[in-house]
Amino acid sequence: MIAVVALPATALQAQNITGTWQGTLKSGPQDLRLAIKISLDDDKLKAVSYAVDLPGQVVNASVITQSGSTVKMTFPQVNGSYEGKLSADGNTITGTWNQGQPLPFNLTRATPETAWTIPEPPPPPKQMPADAKPVFEVATIKPAKPEERFSLLVNRSGMLNTTSTSLSDLLKFAYDLHPRQTTGGPAWLESEKFDVTGKPDTAGIPSINQLKMMVQGLLAERFELKFHRDKKELAVYAITIAKSGVKMTKDENNPNGLPGFGGGPRAFNVRNSTMAEWANVLQANILELPVVDQTGLGAARYDFILKWTPDATQLSRLGPPPGGNAPPAADDPDAPPDLFLAFEQQLGLRLQSTRAPVDVLVIEHVEKPSAN
C-alpha cells in the first residue's frame, strides 16, 4: 500500500517574502531602525532599504535571492550584504548584516498596524549657479583636538566643515597637489591641525571647483599665502585603462555635483567622481607619489567600490582605521589583492610607476591663520 500524505502549499514552494520587513541594527552606541521593502518585478525579487530615522537614506539592493528558507541581499552602494533564515511561519528572518564586520540583524514582517513610518526624503539640494564665483562670507579656524580624525565635508546648505586639517591638507585639496609638489613651506605645514568651518556667500551646494576656489581665497586671506607655480619632472603613478576595459559604473545623475569618497581598504567607496578627482584622492591620502590621470576619460563620472590589502606605506598614509574597519592581514587567504592588482581586476584600470612633468607650488610666504 502507498500512503498519500497531503502537504501544505507552503511546503511545496518557497514562501512569499514580498512585503515590508523591519528590524533594528545595533552598530556601536547607536541603534539604526531599517525597513526593507521586497517586491516582485518581472518575476524577479527587488529590495529597497530605508533608514527610518534618517530621511533620505534609501539604498537599493543589486541582488536579492531566496533559496528555500535562505534569503540573501547585496547592497553595493554601502558595501553591505545580508543573509538570513526565514522562519517556518514566514514572519521573521534571523540573520546577519555584514558591512566589513558581521552584526546580528533580525527582521520581522510588518503589518499595517506595526509598520514604522518611513519619512519622506528631503527635496534635492539646490546647486549653486554654475557661473557663481563664491567666497566664504563667514569662516572660523580653530586648533583641532588631538583625538580628532581628518575629515572634509560639505553639508546640504553648502557649509564647509573640516576637522584635524593641516595647511598641507588644505593646499592638497585647493590646488590638487601631492605633498611632493609643494616646496618652501614652514615647519608646521603638516604638524599644526585646524578645524575649519566656512559659510559661502552664495546659496546652494558648490561644485568641486567652486569649493576649491573658496578654499584658495581662505588660504590667501587667513593664512596670507603667497606662492608661484613651477613645472618639474617627478616620479609619479599614472592611471591608464587596462586591456580589459573600464569596469566602473558611469554616474550621470549629477554632472556638476560634488564627488563622494569614504571608507578604507576593506571597502573604499567612490561616488560621482572623475578620474582626475580620484587621482587627487589617491595622491593626497594613499600613495607616496603624485598621481596623474592618463585615461582620457575626461569629465565622465563613475561610481565604484575598491577593496585592496594595503602595504605598510599606504597604511601609514591612511592613518589608524576607525573601529571594526581594520584591513585584513596580507597572509589572510581571503584578503583582497594589493592596490595595483585590485585596480586592474575591479576597475579595469592600471596604476603604473613612471616619470612625468607636474605642477609644483613654491610657497613664498605664509602665516598661521588670523583670528576669527
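**Exercise 1.** In which sense do β6 and strand β7 pair, and over how many bridges?

*Solution.* Start with the ground rules: this is a predicted model, where local features need pLDDT of at least 70, side-chain atom pairs count only at pLDDT 80 or more, and totals for chains, interfaces and linings use all residues. Residues are numbered from 1 along each chain as its sequence is written, and side-chain values use heavy atoms, leaving out hydrogens and water.

Strands (E, at least two residues) and helices (H or I, at least four) are DSSP runs, numbered from the N terminus; two strands pair if DSSP finds at least two bridges between them. With that, β6 and β7 (residues 80-86) turn out antiparallel, with six bridges. M73 sits opposite Y82 in β7. Four residues lie between the strands of this hairpin, and N79 has a positive phi near 55°.

**Exercise 2.** Work out what joins β6 to β5.

*Solution.* Strand β5 (residues 63-67) runs antiparallel to β6 (residues 70-75), with five bridges. I64 has M73 as its bridge partner in β6. Two residues separate the strands in this hairpin, and G68 in the turn shows a positive phi of about 65°.

**Exercise 3.** Classify how α2 packs on α3.

*Solution.* Take axes as lines fitted to C-alpha atoms over the stretch in contact, with angles from 0 to 180 degrees between N-to-C directions. Helix α2 (residues 167-175) meets helix α3 (residues 208-222) at about 140°, axes 8 Å apart. So α2 is oblique to α3, given that under 35 degrees is roughly parallel, over 145 roughly antiparallel, 65 to 115 roughly perpendicular and the rest oblique.
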